[in-house]
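User: I would like a close look at one part of this model, the sheet and what packs around it. Please walk me through it in one connected answer.

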Amino acid sequence: MGRQVAIVSAGFSEHASKRSDVNMAELVSEAVSDCLKNAPGVDFNDIDAYVNGNMPAFEGVNLPELWMTDWMGARNKPLLRVTTGGTTGGTVAISGYYTVAAGLPKIDTVLAVAFEQQSQGDTSVGLGSVAYGEISVLNTMGIPYDQLSRLLSAGAAIGVAAYQATNYMSKTHITEEDLARVVVQNRHNAAKTWWSHLKMPDITVEEVLDTPYISYPLRYGMVCPASDGACAMLFTIEEKAKDMCDIPVYVNGVASVANESAVLGYDGSGTGQIDPSEQLGAMKSSELAYYQAGISFPRKEIDYAEVYSPFPNQELMWVEKLGLFEETTAPKMYETGVTSLKGELPINCSGGVNSTNAIGASAMERPAEAALQIMGKADNQVPKTVHTSIGHGWGGSLNLCTLMVMSDEPQRKWRR
Amino acid sequence: MSKLTQRKSLDYVKKDYVRTRTMPGNWYLASYQYKFNITHNNEFLKKLKDKKIVGNQCSGCNRVFFPPRLVCGKCLVKPDQWVDLRETGRVATFAIVYLKDPETGEVQEKPTVLIHQDGADTAIIAQLNPEVDFKDTYIGMPVKIHWAEDRTGGLMDIEYYDVLEDDAEDMNPKK
């Protein structure tokens, strides 16, 4: 079996809609130096290998990892680039885990870096290049491309999220007020986190409901921003981790499960799944990762969760699909404050993807923040002691779910 | 809530960053040739011309695909039977798109829907009758195909879906 892997440190760069003062490589360097600042015992010489990734075609730079080799301190060291669209960050973190767990000689400490500078490029071109392979099948059946992009709500991710939202809302009988409440909690949490983007300490539910619709039922005030930012995580083996920091966080389970996208009409309906809020991939990934981590009762054993929710309806959907709450009960939990900072199961205390979305990095910011909460180093620290936390990511061609389960104790069940 | 009260944007704590030099650049991308196997579609597209719709059925799991698929997603075999489908269906899910007219600046509200055709197991992306008030759309709404005047043998032969008015109890699931 593989080696036990621990997270020693995590770091972020500052996020904003336009980081006009830095370029992509300097942005990454900011996150790397913040990561090393959190682990004072670690030097660039201690890092043995690098994993790197961002969303392709968003910034107009191919092979950015070769450009920023020096800025990460990766010269003459093994370097790997992984990219899976919206879950890039989650996959980069999992690749960092795999690299350490594999037990290769002389590779013990791995730095995983994910980044995105969306202000530099055209996001819709990048999204179009991803979606075109899937929807162009309908072209062969006689639907022109301009018609298609309109049918898919201008092709962006919000169209798919709107479909998920209508199905979720009709299933649970919630109103837009419930969605706005999720947003308000996220924005308030983001205001207390130094690296987050949309800081709105005084926003209210009424103000969110007063903004125009982008695509029913999602309003302007409910959707995520487009940010510039980077994130870095340091993985190492159990024996070295204790020297590098006070409270190492052990990675006990990872999963990256793809499911059919189920909504883009032709290509996603091979298994006859027509409900976009069903999300079997999330259920399967949680089943797998909890089994690896030895968690039988996720509702009781997990103390903190970071889920990937660019839109508020997704946050409600994921916490149910990941087994944290019963089906259809999540809106009530947000209303009664169970998920707030001082609640029983705090969710997205960094503000979540809803407040900060640097596409390539945001799926890695989830496990990074969840690890910092266990270490007690997070900016918006949960008052209770966090023993087990999860970091979730969603993306790919709208169908890939990544999950990382972390704890302050190593899982001995499957390892010698 | 009237549109007059609607806010265009929300204020948030902003930080000004130093501006450095910005160099504009362009990518002139080549055109690509994507390849698709459409042999399984030919019969389906021919029948659309005659106002008939068919789906193909997997003999392994009895699932009916509309529009037809080359490979069943679950059994990974070729669906080999043709099944006639009715013209009616249900709204599987919907979203409302807000499109701005570039000339007049007028914002149009258009529901785009995924239709679950009766007799099929998959959903297809489609449009509703433009005269339908978008507030009346709901999941499970019964609809019927409205055929285009001149049909060319393509999915655009289904111009849009009409709302089926039926007062029977079982046709009216709760909103």
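Analyst: What follows starts with the sheet of chain A, moves to the helices, and ends with the two chains together. Keep in mind that this is a predicted model.

**The sheet**

Chain A holds an open sheet of nine strands. The strand order is E3-E2-E4-E7-E1-E8-E11-E10-E9, and the pairing is mixed. Which strands stand at the edges? They are E3 (79-81) and E9 (304-306) of chain A. Each has a single partner strand, so one side of each is left without a neighbour in the sheet. From one strand to the next, the twist averages 25 degrees.

Look at the E3 edge in detail. Strand E2 of chain A covers residues 49-53. Three bridges join E2(A) to E3(A), and the two run parallel. Within this pair, Asn52(A) stands opposite Arg81(A) of E3(A). In general, strands of a sheet pair through backbone hydrogen bonds, either parallel or antiparallel.

**Helices on the sheet**

Helix H4 of chain A, residues 88-101, packs on the sheet. Its contacts include strands E1 (5-12), E4 (110-117) and E7 (228-237) of chain A. E2 and E3 of chain A are also among the strands that H4(A) touches. So are E8 (249-258), E10 (388-395) and E11 (400-407) of chain A. The direction of H4(A) makes about 165 degrees with that of E4(A).

Helix H11 of chain A, residues 280-293, packs on the sheet as well. H11(A) touches E8 and E11 of chain A. Its direction makes about 150 degrees with that of E8(A).

**Helix against helix**

H4(A) also has a helix partner. H4(A) and helix H16 of chain A (residues 359-375) pack at an angle of about 55 degrees, with their axes 5 Å apart. The two helices are therefore oblique to each other. On the H4(A) side, the contact uses Thr88(A), Gly89(A), Gly90(A), Val92(A) and Ala93(A). On the H16(A) side, the residues are Gly360(A), Ala361(A), Ser362(A), Ala363(A), Met364(A), Glu365(A) and Pro367(A). By class, this contact has six nonpolar, five polar and one charged residues.

A second helix pair has another geometry to examine. Helix H8 of chain A (residues 176-191) packs with helix H13 of chain A (residues 312-321) at about 90 degrees, and their axes are 8 Å apart. That angle makes H8(A) roughly perpendicular to H13(A). H8(A) brings Leu179(A), Val182(A) and Val183(A) to the contact. H13(A) brings Pro312(A), Asn313(A), Glu315(A) and Leu316(A). These residues divide into five nonpolar, one polar and one charged.

How many residues of H13(A) are buried? Ten of its ten residues are, and the helix is mostly covered. Among the buried residues are Trp318(A), Glu320(A) and Lys321(A). H13(A) is followed by Gly323(A), whose phi is positive, near 80 degrees.

**Chain A as a whole**

Now step back from the sheet. Chain A has 16 helices and eleven strands. Its radius of gyration is 20 Å, close to the 22 Å that the globule rule gives for 416 residues, so chain A is as compact as a globular protein of that length. Its C-alpha atoms fill a box of roughly 55 × 45 × 45 Å along the principal axes. Of the 416 residues, 62% count as buried. Among contacts between residues at least 6 apart in sequence, 80% join residues at least 24 apart.

**Chain B and the meeting of the chains**

Chain B comes to one helix and eight strands. From the N terminus on, the helix is followed by the strands, as α-β-β-β-β-β-β-β-β. The radius of gyration of chain B is 22 Å, well over the 16 Å that the globule rule gives for 175 residues, so chain B is more spread out than a compact globule. Of its 175 residues, 29% count as buried.

Where the chains meet, 46 residues of chain B are in contact with 45 residues of chain A. Strands E4 (88-100), E5 (107-117) and E6 (123-127) of chain B each supply at least two residues of the side that touches chain A. The largest share, seven residues, comes from E4(B). That side of chain B divides into 26 nonpolar, 13 polar and seven charged residues.

E4(B) also pairs across the chains. Two bridges join it to strand E5 of chain A (residues 213-216), and the two run antiparallel. Here Tyr216(A) stands opposite Ile96(B) of E4(B).

Definitions and conventions: Residues numbered from 1 in each chain as written. Chains lettered and ligands numbered in written order. Predicted model: local features only at pLDDT ≥ 70, side-chain atom pairs only at ≥ 80, totals over all residues. Pairing = 2+ DSSP bridges. Helix = DSSP H or I, 4+ residues; strand = E, 2+ residues; numbered from the N terminus. Axes fitted to C-alpha atoms, helices over the stretch in contact; angles between N-to-C directions. Contact = placed C-beta atoms within 7 Å. Nonpolar A, V, L, I, M, F, W, Y, C, P; charged D, E, K, R; others polar. Parallel < 35°, antiparallel > 145°, perpendicular 65-115°, else oblique. Buried ≥ 20, exposed ≤ 12 C-beta atoms within 10 Å, placed from the backbone. Rg over C-alpha atoms; globule rule 2.2 N^0.38 Å.
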